[in-house]
Amino acid sequence: MTSDHALTWRRLCEERFLENAPLKHLLSIRTGGPARYLLDVVDGKEAALAWTTARAQSVPVLIMGNGSNLLIPDSGFPGLVIHFGSQFADLRLEGDRIHAQSGCTLKELALFAADNDLVGLAFAAGIPGSLGGGLIMNAGAYSGEMSQVVEAVHCVNLQGDYFTLSLEEARLSYRHSRMMEEGWMILGAVLRLTPGSRDALYATMAEFQAMRRDKQPLTYPSAGSFFKRPTGYFAGALIEQAGLKGLTIGGAQVSEKHAGFLINIGGATTADFVALKNEVQRRVKERFGVLLEPEVRIIQVPEA
């Protein structure tokens, strides 16, 4: 590490990082231990500097947004967590385009679009994630997904270079993207929408939300749909047909309301969820010959 990196790291540690910072309250599933260091992003350049400097120091780094699709070890994360949250969530309208920072939630984006009579993001109103995470995973619901509205994605690579990807270059597919492949940091995006009716958009979003309340266990902490949709199947249907609704390990349970959700019924640990995931995978594979792949990111403690 160069002397410049050492000085930068020392300044960030002293001025911007929180040490031994709890993470559980930042995760929708409400498990996991603390981060050795936490940076709550207010400036994209600082986030990129912290990222590259940590890498030069051989410090593990985890980039997270709204924490809605993430499991962190009960022991915590032994490095730097760079959190893109409400302090990095500006929205700006330019004609039929929205310029958004990555910490903006998908719900905020959908409401902002509706308030400006723009169609294309109603599907996202009930997805409990942020723009950065939504782009990484190409989040979607109710026949809509981020790939339908993205025009450009602003990124930083592992060397700290800034660049912008077009939709084609971002290679968004089912729960996948080029940004995920390469491990790039997302600072924001340009979303191109079409004119529409505010009242109609709010009616559509209300309908989607009612469907979610009816079908999903929204009153319990969870990470949303835990498994990806296997080709030719639905994960929740396979889990239900295997007789696993209500299966409980510790404080983690296969939801009685929707078998595709693993919920925290109280006091669950990350270890509980990992054990429950493994058992669901084992029994579905045994019954149907299908291996369920987690949609939730399960962070492993980096080896020393």
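Among contacts in the chain between residues at least 6 apart in sequence, what share joins residues at least 24 apart? In this predicted model, the share comes to 64%. That figure is a handy way into the fold, and the rest of the overall picture follows from here.

The chain is built from 9 helices and 19 strands. How does its radius of gyration sit against that of a compact globule? For 304 residues, such a globule would have a value near 19 Å, and the chain comes in at 20 Å, so the two agree. Taken along the principal axes, the C-alpha atoms fill a box of roughly 60 × 50 × 30 Å. Of the 304 residues, 49% are buried. On the outside, the accessible surface adds up to about 14,000 Å², and carbon and sulfur atoms account for 49% of that surface.

Now for charge. The chain carries 29 positive and 32 negative side chains, and the centres of these two sets lie 5 Å apart. Side chains of opposite charge can pair when their charged atoms come close. How many salt bridges turn up in a search of the whole structure? The search finds 15, and a few of them are worth walking through.

Take arginine 192 and glutamate 151, whose side chains meet in a salt bridge with an N to O distance of 3.7 Å. This pair ties together distant parts of the chain, with arginine 192 sitting in strand S13 (residues 185–192) and glutamate 151 in strand S11 (residues 150–156), 41 residues apart. Arginine 192 has a relative accessible area of 42%, so it counts as partly exposed. Glutamate 151, at 28% relative accessibility, is likewise classed as partly exposed. The two also belong to a wider arrangement, since a network of salt bridges links Asp96, Arg97, Glu151 and Arg192.

A second bridge joins the side chains of lysine 228 and glutamate 293, at 3.0 Å from N to O. Here too the pair links distant parts of the chain, 65 residues apart. Lysine 228 is in the loop between strand S15 (222–225) and helix H8 (235–241), while glutamate 293 is in the loop between helix H9 (270–288) and strand S19 (297–298). Are the two partners buried or exposed? Lysine 228 has a relative accessible area of 19%, and buried means under 20%, so this lysine falls on the buried side of the cut-off. Glutamate 293 has a relative accessible area of 45% and is therefore partly exposed.

A third bridge brings together the side chains of glutamate 240 and lysine 245, with 3.6 Å between N and O. Glutamate 240 counts as partly exposed because its relative accessibility is 44%. Lysine 245 is put in the partly exposed class too, at 28%.

Away from the charged pairs, threonine 8 gives a view of helix H1 (residues 3–15), where this residue lies. Its relative accessible area is 17%, so threonine 8 is buried. Which residues touch threonine 8, leaving aside its neighbours within four places in sequence? The contacts are Leu49 and Thr53.

Histidine 25 tells another story. This residue lies in the loop between strand S1 (18–21) and strand S2 (35–40). Histidine 25 is exposed, because its relative accessible area is 54% and exposed means over 50%. Measuring from C-alpha to C-alpha, histidine 25 and glycine 289 are 37 Å apart in space, with their positions 264 residues apart in sequence.

Finally, there are two serines with a backbone quirk. Serine 58 has a phi near 60°, which is a positive value in a residue other than glycine. This serine is found in the loop between helix H2 (44–56) and strand S3 (61–64), and at 67% relative accessibility it counts as exposed. Serine 143 has a positive phi as well, of about 70°, although it is not a glycine. Its place is the loop between strand S9 (140–141) and strand S10 (144–145). With a relative accessibility of 75%, serine 143 is also exposed.

Terms used
Residues numbered from 1 in each chain as written. Predicted model: local features only at pLDDT ≥ 70, side-chain atom pairs only at ≥ 80, totals over all residues. Heavy atoms only, no water. Helix = DSSP H or I, 4+ residues; strand = E, 2+ residues; numbered from the N terminus. Rg over C-alpha atoms; globule rule 2.2 N^0.38 Å. Buried < 20%, exposed > 50% of the residue type's maximum accessible area, 1.4 Å probe, protein only. Contact = heavy atoms within 4.5 Å. Areas by Shrake-Rupley, 256 points an atom, 1.4 Å probe, with all protein chains shown as cover. Lys, Arg positive; Asp, Glu negative; His and termini not counted. Charge placed at Lys NZ, Arg CZ, Asp CG, Glu CD. Salt bridge = Lys/Arg side-chain N within 4 Å of Asp/Glu carboxyl O.
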